[in-house]
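Biologist: I would like to learn how to read a few features of a model, one at a time. Where should we begin?

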Amino acid sequence: CIGAVHMACGMVWTEGLAIGDDGVPLDLTFRSFGLLRPGQLPPVSVSIEDVDTPPVAIGDAVFAATLAAAWDRAGRPPAWPTGIPAFAGR
């Protein structure tokens, strides 16, 4: 779950790929992608509940929900990345 949150926040806030007018990527170095560093992520907590049902994979749901929440908090701009928002206590 924490990995899904990290990936979704990075996708909305910092990640991008520069493409030239000819459709060819301008820079494919690891640093050029703008990956979110772990220290840029706000605190994330995960609760595991004791239930009587079989476990299910929830990574995709966590990713989608976080993506939507991060985009909504940024004001739903038409283009990404939106930049890292300011967080209380950071």
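**Reading the model**

Modeller: Trp80 has a relative accessibility of 37% and so counts as partly exposed. The classes are buried (under 20% relative accessible area), exposed (over 50%) and partly exposed (in between), with a 1.4 Å probe and protein chains only. This is a predicted model, in which local features need pLDDT of at least 70, side-chain atom pairs count only at pLDDT 80 or more, and totals for chains, interfaces and linings use all residues. Residues are numbered from 1 along each chain as its sequence is written, and side-chain values use heavy atoms, with hydrogens and water left out.

Biologist: Where does Trp80 lie, and which residues is Trp80 in contact with?

Modeller: For position, helices (H or I, at least four residues) and strands (E, at least two) are DSSP runs, numbered from the N terminus. Trp80 lies in the segment after helix 2. Contact means heavy atoms within 4.5 Å. With neighbours within four places in sequence left aside, the contacts of Trp80 are Met11, Val12, Leu67 and Trp71. Separation in sequence and in space are two readings: Trp80 and Ile19 are 61 residues apart in sequence and 14 Å apart in space, C-alpha to C-alpha.

Biologist: What is the peptide bond from Trp80 to Pro81?

Modeller: The general expectation is that most peptide bonds are trans and most residues other than glycine have a negative phi. Here the bond from Trp80 to Pro81 is cis, with omega near 0°. Pro81, too, is found in the segment after helix 2.

Biologist: Which residue has a positive phi although it is not a glycine?

Modeller: Arg76 does, with a phi of about 55°. Arg76 belongs to the segment after helix 2, and its relative accessible area of 52% makes it exposed.

Biologist: Is Trp13 buried or exposed?

Modeller: Trp13 counts as buried, at 5% relative accessibility, and its place is in helix 1. Not counting residues up to four places away in sequence, Trp13 touches Leu36, Gln40, Pro42, Ala70, Pro81, Thr82, Gly83, Ile84, Pro85 and Phe87. One of these is Gly83; the C-alpha atoms of Trp13 and Gly83, 70 residues apart along the chain, are separated by 4.5 Å.

Biologist: How should the loop between helix 1 and helix 2 be read at Val46 and at Val56?

Modeller: Take accessibility and distance together. Val46 sits in that loop and is partly exposed, at 41% relative accessibility. The C-alpha atoms of Val46 and Ile2 are 44 residues apart along the chain but separated by 7.5 Å. Leaving aside neighbours within four places in sequence, Val46 is in contact with Cys1 and Ile2. Val56 is found in the loop between helix 1 (2-13) and helix 2 (59-73), and counts as exposed at 66%. For Val56 and Glu15, 41 residues apart along the chain, the C-alpha separation is 29 Å.

Biologist: How many disulfides are there?

Modeller: A disulfide is a covalent bond between the sulfur atoms of two cysteines. The rule used here asks for a pair of cysteine sulfur atoms within 2.5 Å, and by that rule the count is zero. The cysteine sulfur closest to that of Cys1 is in Cys9, 13 Å away, too far for a bond. Cys1 is partly exposed, with a relative accessible area of 40%, whereas Cys9 is buried at 5%.

Biologist: How is the chain as a whole described?

Modeller: Its secondary structure comes to two helices and zero strands. The radius of gyration is 16 Å, well over the 12 Å that the globule rule gives for 90 residues, so the chain is more spread out than a compact globule. That radius is taken over C-alpha atoms, and the globule rule is 2.2 Å times the number of residues to the power 0.38. Along the principal axes, the C-alpha atoms fill a box of roughly 55 × 30 × 25 Å. Buried residues make up 19% of the 90 residues. Among contacts between residues at least 6 apart in sequence, 63% join residues at least 24 apart.

Biologist: How many positive and negative side chains does the chain have?

Modeller: The counting rule takes Lys and Arg as positive and Asp and Glu as negative, without His and the chain ends. The chain has 5 positive and 9 negative side chains, and the centres of the two sets lie 14 Å apart. Each charge is placed at NZ of Lys, CZ of Arg, CG of Asp or CD of Glu.
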